[in-house]
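I opened a fresh notebook page for this structure and kept short entries on what I looked up. The sequence and the model come before the entries.

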Amino acid sequence: MKRTLGTCYYPEHWPEEIWQEDARRMADAGLTWVRIGEFSWSKIEPTPGVLHWDWLDRAIDVLGAAGLKVVLGTPTATPPRWMIDKHPDMLAVDADGNPRKFGSRRHYCFSHLGYRDESHRITRMMAQRYGQNPHVAAWQTDNEYGCHDTVISYSNAARDGFRLWLADRYGDIDTLNTAWGNIFWSMEYRSFDEVDLPNLTVTEPNPAHMQDFRRYSSDMVVRFNKVQVAEIAAASSAPISHNYMGRVTEFDHFKLGKDLQIATWDSYPLGFLEDRVGADAAHQRAYARQGDPDFQAFHHDLYRAVGRGRWWVMEQQPGPVNWAPYNPSPLPGMVRLWTWEAFAHGAEAVCYFRWRQAPFAQEQLHAGLLRPDSEDAPAMAEAQQVATELADAPDVQPAQAPVALVFDYDADWAWTTQPHGVGLSYFGLVFEHYKALRRAGISVDIVPPNHTDFTGYQLIFAPGVMHLPDALRSALSGAEGHVCYGPRTGARDAGFKIPVPLPPALDGLDVTVTRLESLRPDMPVALKDGGAVTGYLEELETTAPMLLETQDGAPVLVGDAAQSYCGAWLDATGLDRLVALLAEMASVPILTLPEGVRTRRTATEEFWFNHTDQQVDTPAGTLPPAGITRRPL
Amino acid sequence: MKRTLGTCYYPEHWPEEIWQEDARRMADAGLTWVRIGEFSWSKIEPTPGVLHWDWLDRAIDVLGAAGLKVVLGTPTATPPRWMIDKHPDMLAVDADGNPRKFGSRRHYCFSHLGYRDESHRITRMMAQRYGQNPHVAAWQTDNEYGCHDTVISYSNAARDGFRLWLADRYGDIDTLNTAWGNIFWSMEYRSFDEVDLPNLTVTEPNPAHMQDFRRYSSDMVVRFNKVQVAEIAAASSAPISHNYMGRVTEFDHFKLGKDLQIATWDSYPLGFLEDRVGADAAHQRAYARQGDPDFQAFHHDLYRAVGRGRWWVMEQQPGPVNWAPYNPSPLPGMVRLWTWEAFAHGAEAVCYFRWRQAPFAQEQLHAGLLRPDSEDAPAMAEAQQVATELADAPDVQPAQAPVALVFDYDADWAWTTQPHGVGLSYFGLVFEHYKALRRAGISVDIVPPNHTDFTGYQLIFAPGVMHLPDALRSALSGAEGHVCYGPRTGARDAGFKIPVPLPPALDGLDVTVTRLESLRPDMPVALKDGGAVTGYLEELETTAPMLLETQDGAPVLVGDAAQSYCGAWLDATGLDRLVALLAEMASVPILTLPEGVRTRRTATEEFWFNHTDQQVDTPAGTLPPAGITRRPL
Amino acid sequence: MKRTLGTCYYPEHWPEEIWQEDARRMADAGLTWVRIGEFSWSKIEPTPGVLHWDWLDRAIDVLGAAGLKVVLGTPTATPPRWMIDKHPDMLAVDADGNPRKFGSRRHYCFSHLGYRDESHRITRMMAQRYGQNPHVAAWQTDNEYGCHDTVISYSNAARDGFRLWLADRYGDIDTLNTAWGNIFWSMEYRSFDEVDLPNLTVTEPNPAHMQDFRRYSSDMVVRFNKVQVAEIAAASSAPISHNYMGRVTEFDHFKLGKDLQIATWDSYPLGFLEDRVGADAAHQRAYARQGDPDFQAFHHDLYRAVGRGRWWVMEQQPGPVNWAPYNPSPLPGMVRLWTWEAFAHGAEAVCYFRWRQAPFAQEQLHAGLLRPDSEDAPAMAEAQQVATELADAPDVQPAQAPVALVFDYDADWAWTTQPHGVGLSYFGLVFEHYKALRRAGISVDIVPPNHTDFTGYQLIFAPGVMHLPDALRSALSGAEGHVCYGPRTGARDAGFKIPVPLPPALDGLDVTVTRLESLRPDMPVALKDGGAVTGYLEELETTAPMLLETQDGAPVLVGDAAQSYCGAWLDATGLDRLVALLAEMASVPILTLPEGVRTRRTATEEFWFNHTDQQVDTPAGTLPPAGITRRPL
């Protein structure tokens with residue numbers, strides 16, 4: 001299989017006269033794919049029922065004629081202004097009860113049935129018109145579901161939908177009352193019609209209430225997407241994708257991804273570092289022009305799982321962006337590095353966002369491959385270099401990693417619902433495990449919580465999976481590799497109760513969490529022999545061997561050759577020790593990598609990446625700043 | 001009198017089958033009291049008018065049969081969901097105008113007449129049913145008035161009530177206009193019906209407007225409580241209490257407490273340290289597992305005053321809680337220390353919250369005496385130890401303290417209304433005086449602003465009492481002990497105007513505040529010979545002897561043997577000097593205590609408490625971490 | 001011309017019996033002016049249509065009889081309570097959609113036609129009554145337009161007005177769609193009636209949308225003021241003024257000022273330092289009692305431009321204020337220094353706010369010349385000293401400065417709309433240029449963006465003028481002095497698009513901004529030979545000589561003798577170098593001043609001001625803390 005490049009293009013933004021030249025330059029640059037259409041509804045349907053497809057027909061023709069393959073996006077992330085008059089209550093509502101108005105994008109509530117029908121209608125028309133078009137080689141539904149915090153809406157549509165969803169889930173209201181423990185503060189309902197949304201409560205709402213509302217909200221995204229997929233699949237045999245956004249965890253990507261053939265994601269390493277990685281200032285400073293060395297890789301591995309092997313980077317940052325608190329330029333070479341890193345993790349394609357920097361509207365300070373005056377921007381040369389390298393070099397050969405790491409969206413919501421201490425998040429916990437594995441030179445597969453076949457994994461991590469579903473519990477219990485659980489794994493039942501017997505209640509490992517505490521950041525609890533617990537610590541009652549302990553001798557990591565339980569959030573040193581210890585038990589080889597250097601192993605070779613702005617010596621040779629090398633195994 | 005222990009229990013949360021065993025274990029642990037009922041309205045009245053008392057009858061029977069005494073709580077803090085349909089406008093409204101919705105607790109506006117009637121109705125039924133029950137040995141009205149910022153509501157009910165209250169207070173609108181100085185910005189009203197609530201104004205509202213709204217809001221809490229008290233008292237001779245929450249100052253506890261026989265409060269030392277003490281990070285770190293060494297004692301002394309001698313801790317933290325930014329476990333021994341400290345300050349009873357940790361709903365991470373699986377939690381052993389010690393040791397003999405400290409809720413509102421500088425609060429000012437007194441080993445009585453008999457006090461502090469009522473002014477003026485006023489004492493008249501002649505206008509002490517300033521935290525004004533003014537400083541025109549002055553020679557503390565005025569907010573060193581100086585003048589002996597050690601003197605003995613996590617040498621012997629000792633005088 | 005002093009007085013706040021004595025004391029203190037009336041609407045018209053002018057007649061008589069000249073203010077900043085009942089929708093609406101309620105001041109939306117008519121009506125009556133009064137020697141419209149963030153309102157009145165304004169500006173909706181680039185996210189409108197206000201959008205609105213809304217909002221202030229001016233001018237020949245507030249940039253003061261004869265502003269050096277200067281903590285600490293050494297001077301120079309030479313300080317801080325986060329007292333001597341500094345910059349009059357400290361309402365902790373008990377406050381002696389000095393000393397002779405600095409309100413809105421990086425603001429950029437010029441001892445004229453005659457200026461700065469109007473571009477291009485552009489100068493066209501050819505597209509200077517980035521504060525980019533770029537950096541494609549460059553050799557400042565372009569936000573050292581370099585090229589002499597010392601040159605002399613609290617040696621002699629000296633040229 002040949003890895004390919006592409007770009008995101010908006011023919012509707014530019015005079016038709018330049019389309020052909022644009023297309024020619026894309027092809028000349030070595031690009032294969034061009035994504036179009038996803039924000040063009042007002043151009044397609046300027047007035048309700050009046051459809052203008054002709055320009056899109058011509059755009060696809062021009063692009064196809066230049067040898068490019070089109071990814072066609074449904075335009076449902078940007079319903080036109082007239083839609084609001086037609087469905088005034090389709091707007092999402094924020095937690096304060098304010099409607100989130102027209103004037104940018106994603107101005108719809110996933111629960112709104114009227115808008116769902118409109119999305120259905122435009123998708124059907126688009127699919128029927130272009131389903132057999134020879135240049136349309138892939139589809140994209142909507143754009144970045146959940147971006148701008150758009151999964152959760154406190155609208156009346158959401159309230160009504162939530163009541164039906166609860167009725168469906170619980171059958172009768174007493175079952176819900178019991179599952180949620182509503183007796184606690186006289187919160188019992190007499191019917192589903194009494195359930196309101198969990199915003200604006202006097203103090204925190206019942207976490208079970210909040211967690212179910214998060215689950216409902218995620219299901220609404222899945223439902224919305226499914227409608228589009230059905231229409232496209234009926235008309236076209238081209239694969240269907242969606243472009244997920246980094247660290248958007250408010251809906252279950254695995255559930256949504258099941259309905260798609262390809263997972264894609266939008267990779268903005270510098271914007272993310274400022275906005276979403278959650279690193280301290282020193283780290284943000286050190287990697288301001290390179291991005292976090294692990295954040296992209298984590299998402300690559302995540303979306304490989306979401307796409308069941310088939311995944312792309314649909315939007316790759318090519319220069320400064322416009323939306324982060326600070327928007328620096330990338331270090332020369334980083335665009336190439338980011339692109340190759342995606343391929344090393346198995347991406348089928350990497351598309352640069354966007355072709356030409358727009359001189360107008362919200363993203364006018366978002367770089368493209370071209371400057372606003374159509375001259376090449378600095379990223380163009382790096383993209384062309386990758387295109388050449390792709391043509392010349394052997395293809396990347398995927399391989400299963402030795403280590404699996406469970407990622408569970410439901411757990412992320414559970415930690416958000418009940419973090420217990422400021423700053424504690426499930427994503428953060430899993431990502432810190434991932435970083436420790438990467439620092440040890442280990443390639444990782446991320447797996448969903450419904451994964452049941454762990455064959456071939458020597459080591460499996462399942463930290464923080466608050467509710468451990470029976471199937472996963474049993475699959476892990478029977479895994480051949482070593483399984484490391486905790487902290488908080490199995491801490492809640494499906495209804496957000498603490499189970500009795502107390503967690504984690506593992507088969508074959510005697511360990512009970514009898515009490516837990518969250519800790520100020522300035523009071524780490526030292527581990528014997530190095531590292532520390534930070535932020536969160538459990539008291540364990542256990543007869544199992546102690547693998548890590550506090551300086552006072554309290555158990556932190558306990559276990560045997562088959563499984564272990566870690567009752568703490570460890571700092572980087574602590575996690576490095578945990579990884580080293582378990583990797584040795586599981587016979588997974590580890591490396592000591594220089595700061596900012598990362599490696600990824602495929603079936604046939606090792607990729608090495610220097611994420612620093614300094615030259616670095618590595619076992620694979622000396623790498624310049626932003627340097628890359630491929631070394632056959 | 002025998003001091004006793006108790007716990008808070010929710011029979012409605014647990015299967016009826018385990019009540020008996022629970023009751024037996026409570027009694028075996030040495031507990032006397034069990035508080036029940038205060039969140040059980042939906043269990044009592046699941047549907048309007050359909051009353052289910054049977055379960056409560058049986059619960060009281062079971063508990064009573066085990067030898068326990070019941071404190072029965074009215075369930076009005078948690079009106080059921082159907083109440084909202086009956087009275088849709090009963091919800092409180094926040095400062096932004098949003099209703100504070102059902103879904104947790106305290107979802108009512110104190111001004112709402114419909115809900116007041118509902119509260120009246122359920123209380124009457126409960127009082128009539130259990131007023132003569134032999135096991136019901138005390139009552140509690142509602143739960144934690146004011147918790148979750150629920151005193152102030154910007155509802156229509158509050159607006160209407162406020163207008164009536166103003167009409168009642170001022171008689172005619174011109175009197176109000178003059179009292180408030182409404183001419184200032186053309187804010188004059190033509191009738192009381194034109195007065196709105198002081199939220200959402202373009203810039204700050206008139207402080208007189210805000211202050212009266214705070215007074216009104218406090219009065220509504222008192223009115224609400226009074227209705228319940230009247231019904232209970234009519235049916236029962238058992239004492240009536242309310243459980244106040246730490247550092248809730250939005251209503252006047254003295255006024256409310258007058259209608260009750262016992263004041264109780266809910267003591268969460270670790271939660272408070274993170275959330276309400278206002279300490280710096282180093283102090284929060286040092287006492288993260290012990291709580292502030294003075295915060296609980298301050299409230300003990302405050303509620304002894306509110307209860308006119310009769311007071312309890314109704315909820316004592318037994319382990320980590322769930323609601324603070326960080327929720328660590330207490331140092332071993334602290335539960336015992338906290339309990340004994342309450343007794344040393346005169347508590348009649350200390351009840352642990354709660355019996356068994358709930359595995360569901362909002363407080364599932366709030367520890368109890370039992371774990372969710374019914375095993376003993378760590379606090380149980382400490383509670384049992386106290387029970388044993390109580391049985392063996394002599395009773396605590398109360399005594400009047402040598403020093404009185406005035407605490408005035410109206411002053412707290414005045415400082416909140418007009419802090420003059422960021423971070424300046426009346427509670428903070430009084431508490432820092434209290435801490436300085438405690439650091440000097442002095443036992444303190446807190447007294448209300450309507451206190452008139454200061455007999456026996458050698459030293460009296462009245463800092464920050466913005467409006468000094470005539471009776472208090474005259475009582476202090478006639479006191480035999482030395483009285484220390486200021487800063488800001490007497491700075492406003494009852495209508496929030498600066499009086500002329502200028503403050504403080506003390507009889508027999510020539511001092512006038514001619515100007516005042518608030519100061520950045522990084523610009524302390526040094527005192528001659530040590531210590532500094534921080535945050536707030538007055539310019540004093542005075543012929544009185546100078547007791548403390550700035551390095552530049554400006555008077556800070558002036559006075560004579562009878563009285564003194566301090567025109568500044570002093571730092572800890574400055575307050576220590578002030579205390580030492582005035583204590584010497586008033587012949588109050590002082591001590592130099594090691595960091596974190598505190599002492600409390602009763603009629604017959606001295607209690608010593610080590611609040612640190614280190615062993616400390618004290619005049620009463622060496623104390624281990626969390627250690628306690630009693631030394632006869 | 002004789003410079004004069006005055007004060008702000010509220011006869012309606014005080015018993016009529018003391019007016020005469022007050023007037024006498026004002027005159028005795030050497031004051032010439034007394035401003036009255038601007039908050040007195042409820043006293044004038046307590047009930048709709050019932051006018052009480054008598055008290056105001058008498059007040060003007062009393063003041064005039066004492067020899068004082070009256071500045072009469074229209075009372076429209078404080079419409080009475082009954083006005084809200086008459087026009088319930090006249091309140092401004094905040095960005096969250098909440099009405100900004102009655103209860104303080106400025107509670108009106110500039111777009112509301114009903115309130116505009118009321119303002120018209122009361123102004124007409126006042127003008128007709130007092131237009132020929134011999135004591136009314138000047139007028140003031142309203143009070144501090146824009147204070148308390150009152151320019152922008154998201155009301156329905158604003159929405160309706162904005163639509164009309166857009167229709168007027170763009171003619172047809174397609175022109176607007178194209179100008180704004182609404183095709184970008186399908187944001188196209190079909191008619192002006194579809195345009196909503198740019199608040200509460202899901203993510204940021206189109207910057208062109210926001211920028212036009214800011215322009216509209218500014219125009220509404222101008223329109224509101226114009227109505228009052230027309231009525232006053234029709235009835236009176238006395239000059240008309242408005243008192244602007246420091247760092248209020250939400251409306252175009254130049255446009256509004258065109259309709260007035262005198263610009264005045266309200267100078268609160270200590271309040272501003274805490275609240276608006278944007279300095280770091282060390283600077284705020286160092287100047288806490290003196291105010292920033294340049295902030296007042298900047299506004300003096302700004303309002304000299306706004307008033308086309310005629311300007312006053314209408315409200316001069318005389319002691320601690322009440323509204324900043326911290327409110328310290330001024331260093332002795334500063335009130336005199338501030339007054340003389342205003343005169344040195346050309347003020348015709350300086351009026352102290354206020355005569356007597358009010359013991360009631362919102363500003364009771366705002367000092368006056370008198371204390372609440374009518375004794376002299378400390379500022380009185382300093383005011384009297386200035387009065388004496390004015391009588392004795394030669395008048396200040398204005399002169400054109402050697403350096404001009406463009407200030408453009410439209411550019412300030414553009415940077416606010418699109419800062420690109422956290423903390424970057426146009427006001428900040430211009431002010432930092434101004435400070436650097438002042439540190440070099442250079443006197444500066446601020447000029448508006450429609451200035452076309454730069455005759456006499458040796459050096460002209462136009463940093464950050466995002467949209468460079470054609471007339472200004474051409475005037476600067478033809479200027480005889482050296483012109484320094486950038487950063488971001490000319491970066492957008494009138495419709496907020498990036499122009500092609502790319503900015504700055506200067507005649508005769510080959511420089512193109514090909515890419516730009518915002519930078520974390522902790523990643524300064526060092527300049528070769530000292531100083532650094534902070535926060536913002538452009539990549540320049542240029543063949544022009546390099547005047548400043550980064551350590552890596554990238555051009556930062558490029559240009560020749562006639563003009564230069566700076567593609568970066570420089571730190572203080574960098575700006576000092578830039579000023580020194582260009583001043584030398586332009587033959588403008590510079591000085592090296594001690595920290596906190598500033599100088600201002602007039603036609604005949606040099607004023608020297610010591611803003612520090614230490615004695616300092618200067619070329620003009622040794623100055624005590626807060627010292628001033630005048631040195632003939």
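**Entry 1: the annotated domain**

I began with the UniProt record, an unreviewed entry, which places the feature "domain: Beta-galactosidase trimerisation" at residues 401-588 of chain A. I noted that UniProt positions are given in the numbering used here, that feature names are shortened, and that annotations may be inferred rather than shown by experiment. Over residues 401-588 of chain A, I read 24% helix and 28% strand, with the end C-alpha atoms 10 Å apart; helices (H or I, at least four residues) and strands (E, at least two) are DSSP runs, numbered from the N terminus.

**Entry 2: how to read the model**

I reminded myself that this is a predicted model, in which local features need pLDDT of at least 70 and side-chain atom pairs count only at pLDDT 80 or more, while totals for chains, interfaces and linings use all residues. Residues are numbered from 1 along each chain as its sequence is written, chains are lettered from A and ligands numbered from 1 in the order in which they are written, and side-chain values use heavy atoms, with hydrogens and water left out.

**Entry 3: the annotated binding site**

The same kind of look-up gave me the annotation "binding site", which in the unreviewed UniProt entry covers A:Arg105, A:Asn143 and A:Trp323. I found A:Asn143 in the loop between strand 4 (136-140) and helix 6 (156-170) of chain A. Is A:Asn143 buried or exposed? With a relative accessible area of 2%, A:Asn143 is buried, where buried means under 20% relative accessible area, exposed over 50%, and partly exposed in between (1.4 Å probe, protein chains only). Leaving aside residues up to four places away in sequence, A:Asn143 touches nine residues' worth of neighbours that I listed as A:Arg35, A:Glu38, A:Phe39, A:Ala77, A:Arg105, A:Arg106, A:His242, A:Asn243 and A:Glu315; contact means heavy atoms within 4.5 Å.I then turned to A:Trp323, in the loop between strand 7 (311-316) and helix 13 (334-344) of chain A, which is partly exposed at a relative accessible area of 26%. Among the residues that A:Trp323 touches I noted A:Met245, A:Tyr268, A:Asp275 and A:His366.

**Entry 4: the rotation between copies**

I next asked how the chains are related. A rotation of 120° with 0.1 Å of shift along its axis superposes chain A on chain B (RMSD 0.0 Å), and the two copies are thus related as by a three-fold rotation axis. Copies are superposed by least squares on the C-alpha atoms of residues with pLDDT of at least 70 in both. Of the residues of chain A, A:Asp96 comes closest to the rotation axis, at 5.4 Å (C-alpha).

**Entry 5: where chain C meets chain B**

I looked up the contact between these chains, in which about 4,700 Å² is buried, 56% of it on carbon and sulfur atoms; buried area is the accessible area (1.4 Å probe) that two parts lose on being put together, summed over both. I recorded four salt bridges between chain C and chain B, a salt bridge being a side-chain nitrogen of Lys or Arg within 4 Å of a carboxyl oxygen of Asp or Glu. One of the residues I followed up was C:Arg81, whose side chain meets that of B:Asp196 in a salt bridge (3.4 Å, N to O). I located C:Arg81 in helix 4 of chain C, and at 6% relative accessibility C:Arg81 counts as buried.
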